[in-house]
Structures are given as structure tokens and as C-alpha cells.
Amino acid sequence: HELRTPLNAIIGYSEMMVEMAAEEEDLAAAELTGDMQRILTAGRHLLSLINDLLDLSKVEAGQLELNFVAVNLNETTDYAVRMLQEAATGARVVIRKAIPVDLPNVVADQRSMRQIMLNVLSNAIKFTDPGGQVIVSAVMSKSGELKLRIKDTGIGMNADQLRDALEPFKRVATEGREAQGTGLGLPLTRALAEANRAAFAISSEPRKGTLIELTFPTTRVLAE
């Protein structure tokens with residue numbers, strides 16, 4: 001928590017200096033804009049890491065504050081897609097959604113559900129080759145459970161890589177890709193899903209993509 005206050009100041013001043021330098025038209029201002037943009041990007045990345053660390057530690061300690069409300073998974077998915085559409089377009093990855101409009105709401109924490117979707121979709125985009133796709137779907141089981149699925153056509157992982165990916169701080173190097181990220185994405189996603197009383201499952205095969213399933217029990221699915 002003590003790290004976030006000065007870091008937010010760094011980010012705020014960097015944003016202000018980028019805007020001021022962008023208004024100038026000389027070469028020195030252009031170089032300054034590039035330098036400040038790199039500081040801003042690094043600061044935001046570090047803040048994201050700090051926030052993930054705090055959330056993971058709170059979940060593990062049972063101290064994460066959750067506000068359980070009726071959550072619309074269609075709207076949650078749309079929010080995450082809007083946030084990541086630029087990244088998907090740049091990576092030439094198509095995001096498809098196949099969620100029924102009449103899907104029941106679930107009892108969950110809105111903020112953490114958005115974070116789960118952002119984490120999963122971001123990973124799927126990152127590890128999917130150009131021309132691939134990510135499909136978000138949801139189905140109701142006969143027993144009344146709700147399954148939310150995120151399937152990508154990416155490079156996938158073998159059993160050892162998958163095991164490492166679920167361990168905090170272990171960054172997985174896959175075929176043709178260097179280890180990326182902080183190593184907190186999947187562990188935090190699983191922890192947040194379980195904090196929302198949803199079962200988390202992941203399966204993957206090299207060159208066949210990855211499937212993540214969140215299963216909400218009948219007690220968390222609201223009747224229409």
C-alpha cells in the first residue's frame with residue numbers, strides 16, 4: 001500500500017508531461033514525449049503488479065473485500081472486450097462471444113469478475129498467433145450450474161507448463177515465445193474465481209489452444 005502513493009504521483013506527473021510535450025512541435029519535445037511515455041508505461045505496469053500482489057495476498061489471507069451482487073456475465077464480457085479490443089486488433093486476433101442474451105445473472109463481486117475476464121482474455125490474446133481467435137461462451141447445465149468458457153486457438157501448453165503457469169511468479173516460456181508477464185495472472189484469476197464461489201478449471205495442449213472454465217454452482221445462479 002505504501003508503494004502505491006508515490007507511484008501514483010509518478011504516473012500523474014508523467015501523464016501531465018506527456019500532454020505538455022505533445023503540444024510542442026520541436027525535436028527536443030518529441031524526444032521528451034518518447035522518454036516520458038516509457039516512464040508512464042513502466043509506472044502503469046508496476047502499479048498493475050502491485051495491485052495484483054495485494055489482491056492475491058488478500059485472497060490468500062481471506063481478507064479481500066467482496067461486494068456480492070447480481071452480475072450480468074454478458075455485460076462483464078462486453079466490458080473486458082472493449083478494454084482489450086485494441087490489443088486484439090493489433091495482434092490480429094478475433095474475439096467472438098456466444099453468450100445467450102437470456103443467461104441468468106450470477107451472485108458475484110462485479111470488480112473481481114471484471115478482473116477475471118480481463119486477465120483471461122489478455123492471456124488468450126497474448127498467446128494466440130495472428131489469424132487466431134478467442135471464443136467466450138456460456139451454457140447452463142441440466143443440474144442448473146452455469147459454465148462460463150474462454151477458449152482460444154493459441155499455442156497452448158503441455159502438462160508441465162500448465163502446472164508452472166498456476167504457480168505464483170513462475171513465468172512460462174512456450175514454443176517460440178519468451179516468458180512474459182509477472183507470473184501472477186492465472187494464480188490470481190483462480191484465486192478470485194474461488195473467492196466468488198466458482199470452480200476454476202483449465203486445460204491446454206500445445207498448438208491446440210487453451211480452455212478455461214468457470215463453473216458457478218446452482219446456489220450462485222439467480223432464477224429468471
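In the predicted model, helix α3 bends by about 55 degrees at Leu 84. The helix has 19 residues and occupies positions 73-91. From the first C-alpha of α3 to its last, the span is 25 Å, close to the 27 Å expected at 1.5 Å a residue. At the start of α3, the backbone nitrogen of Asn 74 has a side-chain oxygen of Asn 72 within 2.9 Å. Just after the helix, Arg 92 adopts a positive phi of about 60 degrees.

The buried residues of α3 include Leu 84, at which the helix bends. Leu 73, Asn 74, Thr 76, Thr 77, Ala 80, Val 81 and Ala 88 are also buried. For Asn 74, the relative accessibility is 12%, and the residue therefore counts as buried, the cut-off being under 20%. Beyond residues up to four places away in sequence, Asn 74 touches Lys 97, Ile 99, Pro 100 and Val 101.

Helix α3 packs on a sheet, where it touches β2, β4, β5 (146-152) and β7 (209-216). The direction of α3 makes about 170 degrees with that of β2. The sheet is open and consists of five strands in the order β2-β4-β5-β7-β6, with mixed pairing. Its edge strands are β2 (94-98) and β6 (199-205), each of which pairs on one side only. From one strand to the next, the twist averages 15 degrees.

Strand β2 runs parallel to β4 (residues 133-140), and five bridges join the two. Within this pairing, Ala 98 has Ser 137 of β4 as its bridge partner. At the other edge of the sheet, helix α6 (residues 185-195) lies across β6 and β7. The direction of α6 is at about 145 degrees to β6.

Helix α4 spans residues 110-126 and contains Met 113. Met 113 counts as buried because its relative accessibility is 1%. Leaving aside neighbours within four places in sequence, Met 113 is in contact with Val 71, Leu 73, Thr 76, Ala 108, Asn 196, Leu 214 and Phe 216. Of these partners, Leu 73 and Thr 76 are among the buried residues of α3, while Leu 214 and Phe 216 fall within β7. Thr 77, another buried residue of α3, is separated from Met 113 by 36 residues in sequence and by 9.2 Å in space, C-alpha to C-alpha.

Asn 119 is also located in α4. With a relative accessibility of 17%, Asn 119 is under the 20% cut-off and so counts as buried. Apart from neighbours within four places in sequence, Asn 119 is in contact with Gly 185, Leu 188 and Thr 189, and these partners lie in α6. Asn 119 and Gly 185 are 66 residues apart in sequence, and their C-alpha atoms are 6.0 Å apart in space.

The chain as a whole contains six helices and seven strands. From the N terminus on, the elements follow the order α-α-β-α-β-β-α-β-β-α-α-β-β. Of the 224 residues, 41% count as buried. Among contacts between residues at least 6 apart in sequence, 69% join residues at least 24 apart; the contact between Asn 119 and Gly 185, 66 residues apart, is one of them.

Definitions and conventions
Residues are numbered from 1 along each chain as its sequence is written. This is a predicted model: local features need pLDDT of at least 70, side-chain atom pairs count only at pLDDT 80 or more; totals for chains, interfaces and linings use all residues. Side-chain values use heavy atoms; hydrogens and water are left out. Two strands pair if DSSP finds at least two bridges between them. Helices (H or I, at least four residues) and strands (E, at least two) are DSSP runs, numbered from the N terminus. Axes are lines fitted to C-alpha atoms, for helices over the stretch in contact, and angles run from 0 to 180 degrees between N-to-C directions. Contact means heavy atoms within 4.5 Å. Buried means under 20% relative accessible area, exposed over 50%, partly exposed in between (1.4 Å probe, protein chains only). The expected span of a helix is 1.5 Å times one less than its number of residues. The bend at a residue is the angle between axes fitted to the seven residues ending there and the seven starting there. A polar contact is a pair of N or O atoms within 3.5 Å; within protein, one must be able to donate a hydrogen and the other to accept it, and residues adjacent in sequence count only if both atoms are side-chain atoms.
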